[in-house]
Amino acid sequence: MQTEKVVKYIVSWLKDYLETAHQKGFVIGISGGIDSAVTSTLCAMTGYPLLNLEMPIHQEKNQADRAKRHIEWLKNKFSSPIDSIEVNLTSTFDAMVSALPETDTTDKVNLALANTRSRLRMTTLYYFAGLHNYLVAGTGNKVEDFGVGFYTKYGDGGVDLSPIADLMKSEVYKIAEFLGINTDIQKAKPTDGLFGDDRSDEDQLGANYDELEWAMRAKEDGKTADKFEGREKEVFEIYSRLNRINQHKMVPIPICDIPEELMK
């Protein structure tokens, strides 16, 4: 990858899209992770206003601290208008949980509530986007968005544009290094931060991003599980399963086309 040229291309694309949409700037949720750090930096490089939102919901302290340090780094590095707001959604989330009926299916409840956190944050992002005529910038990368579908539909998947969605996770790290993103963010284990603890993406997915990228490329090359053995076979099957069950996130919303003869 020609990293510098890719960075310039994305920044130019962001500017062109913003101007064509007749909007005034960008808003993004800052999590303390690599994807939001890179995306917010690319948005800042356009020279247009950037609003960084911290939206803790029972947030793990290290994640929140990394987010704050990154926002401070942005403000020190760029002369363009960069603002930040913290909106603590913990009480909002707790109020919603208390209004929901109790159920015994704990694992499903925990996953549903994790997705609810993401959707509360999406709603908050669009509140501020509407106030300022900003675009909501997405932070999903290629293997998450189009490989294993590791995001929340209408949560972190609810965005106006996706600047890094054609980049593998490893390529996002290369850009982070090129941009000089804080080392603690580059070294932190990737996590969606939706469970209020320190579980990583790998803990949830069963494979790390390097493994999933390998499996994604192997799948695109037409390989099948019987071509591999050991850990490679295990990872390939993990990727294939996640890719299959999450297709509903990756394809356009299905529309029931009514036959023309029924409309007469």
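A residue is counted as buried when its relative accessible area is under 20%. Glu 211, at 19% relative accessibility, therefore falls in the buried class. The model described here is predicted, and the burial of individual residues is considered below together with salt bridges, cysteines and helix packing.

Across the whole structure, a search identifies 11 salt bridges. Side chains of opposite charge can pair when their charged atoms come close. One of the salt bridges is formed between the side chains of Asp 35 and Lys 169, with an N to O distance of 2.8 Å. Asp 35 belongs to helix H2 (residues 34-44) and Lys 169 to helix H7 (residues 169-179), so this pair ties together parts that lie 134 residues apart in sequence. Both partners, Asp 35 and Lys 169, are buried.

A salt bridge also links Glu 86 with Lys 68, whose closest N and O atoms are 2.8 Å apart. Glu 86 is located in strand E3 (residues 82-86), whereas Lys 68 is located in helix H3 (residues 61-77); the pair therefore ties together parts 18 residues apart in sequence. Glu 86 counts as partly exposed because its relative accessibility is 42%. Lys 68, with a relative accessibility of 38%, likewise counts as partly exposed.

Glu 211 takes part in a salt bridge with Arg 231, the closest N and O atoms being 2.9 Å apart. Here the connection runs between two helices: Arg 231 lies in H11 (residues 230-245) and Glu 211 in H10 (residues 209-220), so parts 20 residues apart in sequence are tied together. Arg 231 is partly exposed, at 35% relative accessibility, while Glu 211 is buried, at 19%. Shared partners also join salt bridges into a network that comprises Asp 35, Glu 144 and Lys 169.

Helix H2, which contains Asp 35, also contains Thr 39. The relative accessibility of Thr 39 is 0%, and this residue therefore counts as buried. When residues up to four places away in sequence are set aside, Thr 39 touches Ile 28, Ala 137, Gly 138, Thr 139, Pro 163 and Ile 164.

With respect to cysteines, a search of the whole structure returns zero disulfides. A disulfide is a covalent bond between the sulfur atoms of two cysteines. Cys 43 has a relative accessible area of 0% and is therefore buried. Cys 256, by contrast, is exposed, with a relative accessibility of 65%.

Helix packing was examined for H2 with H3 and for H7 with H10. The axes of H2 and H3 are 11 Å apart, and the two helices pack at an angle of about 20°. Because angles under 35 degrees count as roughly parallel, H2 is roughly parallel to H3. The crossing of H2 past H3 is right-handed. On the H2 side, the residues in contact are Ser 36, Ala 37, Ser 40, Thr 41 and Ala 44, and these meet His 70, Trp 73 and Leu 74 of H3.

For H7 and H10, the axes come within 9 Å and cross at roughly 125°. This angle makes H7 oblique to H10. The contact involves Lys 169, Ser 170 and Glu 171 from H7, together with Tyr 209, Asp 210, Glu 213 and Arg 217 from H10. Lys 169 thus appears in the contact with H10 and in the salt bridge with Asp 35.

Definitions and conventions
Residues numbered from 1 in each chain as written. Predicted model: local features only at pLDDT ≥ 70, side-chain atom pairs only at ≥ 80, totals over all residues. Heavy atoms only, no water. Salt bridge = Lys/Arg side-chain N within 4 Å of Asp/Glu carboxyl O. Helix = DSSP H or I, 4+ residues; strand = E, 2+ residues; numbered from the N terminus. Buried < 20%, exposed > 50% of the residue type's maximum accessible area, 1.4 Å probe, protein only. Contact = heavy atoms within 4.5 Å. Disulfide = S-S within 2.5 Å. Axes fitted to C-alpha atoms, helices over the stretch in contact; angles between N-to-C directions. Parallel < 35°, antiparallel > 145°, perpendicular 65-115°, else oblique. Left-handed = near helix turned anticlockwise from the far one by under 90°.
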